[in-house]
Amino acid sequence: MRIADILRNKGSAVHTVAPGTTVCELIGDFARFNIGAMVVCEGKTVAGIVTERDVVRALHERGPSILAAPAHELMSRTVTTCLPSDSVDSLAETMTEQRIRHLPVVVDARLVGIVSIGDVVKSRIDELQTERDQLASYIHDGG
């Protein structure tokens, strides 16, 4: 299965923020959209990514004053991305090795979607269910 298949099933909408968005606004977006990461964009170009963990760490280190800071102060500037043509298995490896939970999907430097570890797990469960059903049918029908 490819990343394009995941995006086809879940949709390609991505919630983004501008680099100057305050952390307080960012937290509101996390809650409003029920998401754990926000891609920081300049136009359609990925500038960075901010996760809930980034916010929690910043709150611990800098205190509540971080809420007025712009998102670009917290964002990871080195963002691992993937292509729609990448395999779900390779993405799972990347996420595990790099200990990341969200990967923006980029084509020609344009953001076209985002895939989370939950999307990868759901995809794998769906594949296993399909295999199970095929094996059960094979056994039931006598091969």
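## Surface and overall form

The chain exposes about 8700 Å², of which carbon and sulfur atoms supply 52%. The model is a predicted one, and 33% of the 143 residues of its chain count as buried. Among the charged side chains, 15 are positive and 19 are negative, and the centres of these two sets lie 3 Å apart.

The radius of gyration of the chain is 18 Å, whereas a compact globule of 143 residues would have a value near 15 Å. Along the principal axes, the C-alpha atoms fill a box of roughly 70 × 35 × 30 Å. Of the contacts in the chain with a separation of 6 or more, 53% are made between residues 24 or more positions apart.

## Order of the elements

The secondary structure comprises 5 helices and 5 strands, which follow one another from the N terminus in the order α-β-α-β-β-α-α-β-β-α.

## Helix 5

Helix 5 covers residues 117-140, and its 24 residues should span 34 Å at 1.5 Å a residue, which agrees with the 34 Å between its end C-alpha atoms. Within this helix, D119, V120 and S123 are buried, and the buried residues of the helix pack against helix 1 (3-10), helix 4 (88-98) and strand 5 (110-116).

T130 also belongs to helix 5, but with a relative accessibility of 41% this residue counts as partly exposed, because the value falls between the 20% limit for buried and the 50% limit for exposed residues. The C-alpha atom of T130 is separated by 26 Å from that of L103, and the two residues are 27 residues apart along the chain.

## The loop between strand 1 and helix 2

Strand 1 (16-17) and helix 2 (23-33) are joined by a loop in which T21 has its place, and P19 lies in this loop as well. P19 is buried, with a relative accessible area of 17%, and T21 likewise counts as buried, at 15% relative accessibility; both values stand under the 20% limit that defines a buried residue.

The partners of these two residues can be listed with sequence neighbours up to four places away left aside. On that basis, P19 is in contact with V40, C41, E42, P70, A71 and H72, while T21 touches L26, A69, P70 and A71. P70 and A71 therefore appear among the contacts of P19 and of T21. For one of these pairs a C-alpha separation is also available: P19 and H72 are 53 residues apart along the chain, yet their C-alpha atoms are separated by 4.8 Å.

## The loop between strand 4 and strand 5

The loop between strand 4 (102-107) and strand 5 contains D108, and A109 is found in the loop between these strands too. Phi of D108 is near 50°, a positive value in a residue other than glycine, and A109, which is not a glycine either, has a positive phi of about 65°.

With regard to solvent, D108 is exposed, its relative accessible area being 73%, and A109 is exposed with a relative accessible area of 52%. Both residues are classed in this way because their values are over the 50% limit.

Notes:
Residues numbered from 1 in each chain as written. Predicted model: local features only at pLDDT ≥ 70, side-chain atom pairs only at ≥ 80, totals over all residues. Heavy atoms only, no water. Helix = DSSP H or I, 4+ residues; strand = E, 2+ residues; numbered from the N terminus. Rg over C-alpha atoms; globule rule 2.2 N^0.38 Å. Buried < 20%, exposed > 50% of the residue type's maximum accessible area, 1.4 Å probe, protein only. Contact = heavy atoms within 4.5 Å. Areas by Shrake-Rupley, 256 points an atom, 1.4 Å probe, with all protein chains shown as cover. Lys, Arg positive; Asp, Glu negative; His and termini not counted. Charge placed at Lys NZ, Arg CZ, Asp CG, Glu CD. Expected span 1.5 Å × (residues − 1).
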